[in-house]
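User: I'm new to this one and would like a walk through it. Could you show it to me, and then I'll ask away?

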Amino acid sequence: MNMYEDYAKYILDNNSLLSKLQSNVPSVYVLIEDVIQVLDFIVGEFRKNSKIDADLQSFFTAGYNYLTSVINEIKIMYVDYFKSNIETFTKYSPLIVYFFYIDDLKGHLDASEKLSNDNRKLIDEIQLEIEHTLVKCEEIDQTRIQHYENVIEQLDSDKSYHPIYTIFAMVREELHLY
């Protein structure tokens, strides 16, 4: 099985969860929507025996890696933390979005060699705090949300960070997939 067929099977295997997210939790689904659209386009081109250029191959690899990571983490949250209760998952969706956003920011800072040990520790603490809140289904503290916003602003003071999902939104636009 090649990577394009593997992706198609992965999407099919996770179709139920993806449909629930799309219908009930658009704030979380937006993290993967454009990635799925771009990857679906690339798979379609492959199935038409079209040449997949190096840029599209790179987007496919990066997108598929991102997608499997996010979906696997969402499954853990949905099934283990929230006992497959979509209403509870929806209630915690703002924290879920922050969890993925901060994780992606951490990856960006690390790749661009801007992640100091102090900032890594700060991000790790935030991720553990969010995860603790999700696991225990504790009330969402709005002052903590503001703290996360402030940390994100501080860590991306030069505004160079673009989350993976926004990069794929731009790719989707370039490919005229709207």
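User: Is Phe82 buried or exposed, and what about Tyr92?

Analyst: A quick note on the source: this is a predicted model, where local features need pLDDT of at least 70 and side-chain atom pairs count only at pLDDT 80 or more, while totals for chains, interfaces and linings use all residues. Residues are numbered from 1 along each chain as its sequence is written, and side-chain values use heavy atoms, leaving out hydrogens and water. Buried means under 20% relative accessible area, exposed over 50% and partly exposed in between (1.4 Å probe, protein chains only). By that yardstick, Phe82 and Tyr92 are each buried.

User: What kind of aromatic pair do Phe82 and Tyr92 form?

Analyst: Rings of Phe, Tyr and Trp (its six-membered ring) pair if their centres lie within 6.5 Å; planes under 30 degrees apart are stacked, over 60 edge-to-face, and the rest tilted. For Phe82 and Tyr92, the centres sit 5.3 Å apart with 15 degrees between the planes, so the pair is stacked.

User: How many residues apart in sequence are the parts this pair ties together?

Analyst: Helices here are DSSP runs (H or I, at least four residues), numbered from the N terminus. Phe82 is in the loop between H4 and helix H5 (86-91), and Tyr92 is in the loop between H5 and H6. So the pair ties together parts separated in sequence by 10 residues.

User: How many aromatic pairs are there in the structure, and how is the one between Tyr10 and Tyr64 arranged?

Analyst: The structure holds 14 aromatic pairs. In the Tyr10 and Tyr64 pair, the distance is 6.1 Å centre to centre, with 70 degrees between the planes. Tyr10 sits in helix H1 (residues 3-13) and Tyr64 in helix H4 (residues 54-81), 54 residues apart. The arrangement is edge-to-face.

User: Which residues do ring pairs link into a cluster?

Analyst: Tyr10 and Tyr64 are both buried, and they belong to the cluster too. The full set linked by ring pairs is Tyr4, Tyr7, Tyr10, Phe46, Phe60 and Tyr64.

User: At what angle do H6 and H7 cross, and is that roughly parallel or antiparallel?

Analyst: The axes (lines fitted to C-alpha atoms over the stretch in contact, with angles from 0 to 180 degrees between N-to-C directions) of H6 (residues 93-111) and H7 (residues 117-136) come within 10 Å and cross at roughly 160 degrees. Angles under 35 degrees count as roughly parallel, over 145 as roughly antiparallel, 65 to 115 as roughly perpendicular, and the rest as oblique. That makes H6, relative to H7, roughly antiparallel.

Methods. Helices (H or I, at least four residues) and strands (E, at least two) are DSSP runs, numbered from the N terminus.
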